Structures are given as structure tokens and as C-alpha cells.
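I opened the notebook today to look up how the bound molecules are held, starting with one contact and working outwards from there.

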Amino acid sequence: MRRILKIDDWFHPDGFPISVERREPQEAFEPHAHEFAELVIVTGGKCLHVTGNDSWELTAGDVFVIAGAREHEYQNLEDLRLVNILYQPSQLKMGLLDLTSVAGYHALFTLEPSRRNRKSTKGRLHLAAKEMAQIVELADRLEHELEAREPGFGFMATATFMQLIGQLSRFYSSSPSPDGKALLRIGEALSHLERNIHHEIDLEELASIANMSQRSFLRVFQSATGASPLAWVIGQRINRACSLLRRTDRRITEIAFDVGFNDSNYFTRQFRKVTGFSPREYRLRHGVE
Ligand code: RM4
Ligand code: NI
């Protein structure tokens, strides 16, 4: 049977959604998925990392993200050492602010993890020794904060985690591997789409940002995100709408316009398609009158 690691077994009982596991070395571990995500920083040794129908060799300096649903396993372990940062994306109390304008953020945290079941190339982040030193220092700080659990640790740990994510995103942008370059170009397109979430999609412009013909852009975008640019934008708009429905008591029509729809019936149809509920039902289920 497929093994799924549970939140209850791997996080502190106080419910804080980040946890650090150091593996020195990583022992053999059967194939598994998780109810959470993992940010893995390889600090030494090597192994074969197998996920879905993809596998690649890991060495010191490799950094990758495993989205929860994706199955993975370490094979042929040779003194593999790593820092594994477990986190529950939907429980984090942090804003991405302008990080979504950094192409490397999309490449590392949205594009790479979403490429399950596809025969993918290695668009992967590999850090130089100097970069590693910075990242390991942040990871250490995060670990100490979580161990000590002094008043304020939630704030400090979240801030440190944000720094880790921000720094890794920048490193990805500044020194991409050859395959990483292709992902980054799609990341640039995603950043552009997010910045212009209220506007019509301009395919010509997107293709030129990604430095591809329109045809190859559509193909590469689809295979990297699993969606067309239009479907992706609609998904983002709906995400924002969900959070406004939960957190505010604004009228549904207002929210529809706010997140970039100009027809509230169309909004309601798309909303139902993505979430399975009407905006009103969604709001009720989340306890807002
Ligand atoms: C294991 C291994 C797995 C991780 C769990 C939490 O030793 O690193 O990948 O999911 O720990
Ligand atoms: Ni795992």
C-alpha cells in the first residue's frame, strides 16, 4: 500500500506548520508521499533520488521541493546527508509579497514540484559552496528557533523560513542550470501573469518574455504547469477570490471584479468548476455569514 506520512507524526503538537529534520546520514526510506511539503537541502554524500517516473543523482548543494502528493524515495545511499524542512503550505502565516515577481520562486516552488508524472529534465537548483554556507546558516537558525520554542518562536521561525525561500529563489534566478534556464523563462512568464492578473492575456508578449515562439511557449507552459495560460490565470484569480471570501465580508460581485473577472456569472461558473462550490456555499462552509 502507498505510504503517506502524516502531519500528526511529523509536526509538534502545538500545530506550528514548519519542522526541521536533519538526516546525517539519511537512512534508506521506502517510497512515500506526505500530507505536507518538503524543502530538501543536500549537504553531503550522494544517492539516487527517485520520484514518479523520474530519477536523478543527488550531491551536496542540490536543493529541491517535494510537493506533498508526489511520491519519492532515496536509493543507492552513499552517506547522504541532508536538511529536510517540512512545511504545510496552506497553514503558513506568511505573505509572498513581491516574491512572486522573482522568476526563480516560480521555478523552484511552483514549476519544479508540479512536474509530477512527466518525463522531466533536470531544471534543478545546485548551489555553489558560498551559497550553501548562507542557506545552511539560515536552516540552522530555523532549527534552533524551533528547538528552543521560546515565546515569539513562531514569528522568528516564519521570518527565517521566508528568508530561506527568498534567498533560494534569488539563487535560482542568478545561476540557473541549463535546464533551469528553460524553467526560469516560464517563471518570468508566470511573474508577468501575476503582475497583470487583471488584464487580458497577451500571448505575443508572454512568448517574447519567455523568448520562444508562441507555439513552443504554449507547449512548454502547458507541460511545466499542467495548464494553459488562461486556465492558470483563472486558477490564480479563484485562489485570490477564495481568500477574500474567507477573510472579508465583501459582496461576491465586488470580489469577482476585484480579482479580475468582469462578469460575475462567468466568475461563479469558473469558481464552481475549480472548487466544486458556488462562492456563496464556499463562504458559508468557511464560517463567514
Ligand atoms: C525521512 C526522509 C523522508 C521524509 C521523512 C520525514 O527520513 O527524509 O523523505 O519524508 O524523513
Ligand atoms: Ni519525503
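I began with N84, where an N or O atom of the side chain is 3.5 Å from an oxygen atom of ligand 1. I note that this is a predicted model, so the distances below are computed from it. I then checked the cover on ligand 1 and found that the protein takes up 98% of the 290 Å² of accessible area that the ligand has on its own.

Next I went through other polar contacts to ligand 1: a polar side-chain atom of R23 lies 2.6 Å from an oxygen atom of the ligand, and a side-chain N or O atom of H32 is 3.1 Å from one. I listed the residues around ligand 1, which include L5, W10, F29 and Y74, and I saw that H32, H34, E38 and H72 are in that list too.

I turned to those four residues and asked which atoms coordinate the nickel ion (ligand 2). They are NE2 of H32, H34 and H72, together with OE of E38, at 2.1 to 2.5 Å. Along the chain, I read the spacing of the donors as H-x1-H-x3-E-x33-H. I recorded that H34 belongs to strand 3 (residues 29-34) and H72 to strand 7 (residues 72-87), so this pair ties together parts that are 38 residues apart in sequence.

For the geometry, I noted 6 donor atoms subtending angles of 77 to 177 degrees, which makes the arrangement octahedral. For comparison, I wrote down that ideal angles for six octahedral donors are 90 or 180 degrees.

Last, I asked whether H34 and H72 are buried or exposed. H34 counts as buried because its relative accessibility is 5%, and H72 counts as buried at 1%, where the cut-off for buried is under 20%.

Technical notes:
Residues are numbered from 1 along each chain as its sequence is written. Chains are lettered from A and ligands numbered from 1 in the order in which they are written. This is a predicted model: local features need pLDDT of at least 70, side-chain atom pairs count only at pLDDT 80 or more; totals for chains, interfaces and linings use all residues. Side-chain values use heavy atoms; hydrogens and water are left out. Donors are N, O and S atoms within 2.8 Å of the metal (3.2 Å for Na, K and Ca); water is not among the atoms, so sites may look incomplete. Four donors count as tetrahedral if all angles lie between 85 and 135 degrees; four count as square planar and six as octahedral if opposite donors are over 155 degrees apart and all others between 65 and 115; anything else is irregular. Helices (H or I, at least four residues) and strands (E, at least two) are DSSP runs, numbered from the N terminus. Buried means under 20% relative accessible area, exposed over 50%, partly exposed in between (1.4 Å probe, protein chains only). A residue is near a molecule or strand if one of its heavy atoms lies within 4 Å of it. A polar contact is a pair of N or O atoms within 3.5 Å; within protein, one must be able to donate a hydrogen and the other to accept it, and residues adjacent in sequence count only if both atoms are side-chain atoms. Accessible areas come from the Shrake-Rupley method with a 1.4 Å probe; for residues, only the protein chains shown count as cover.
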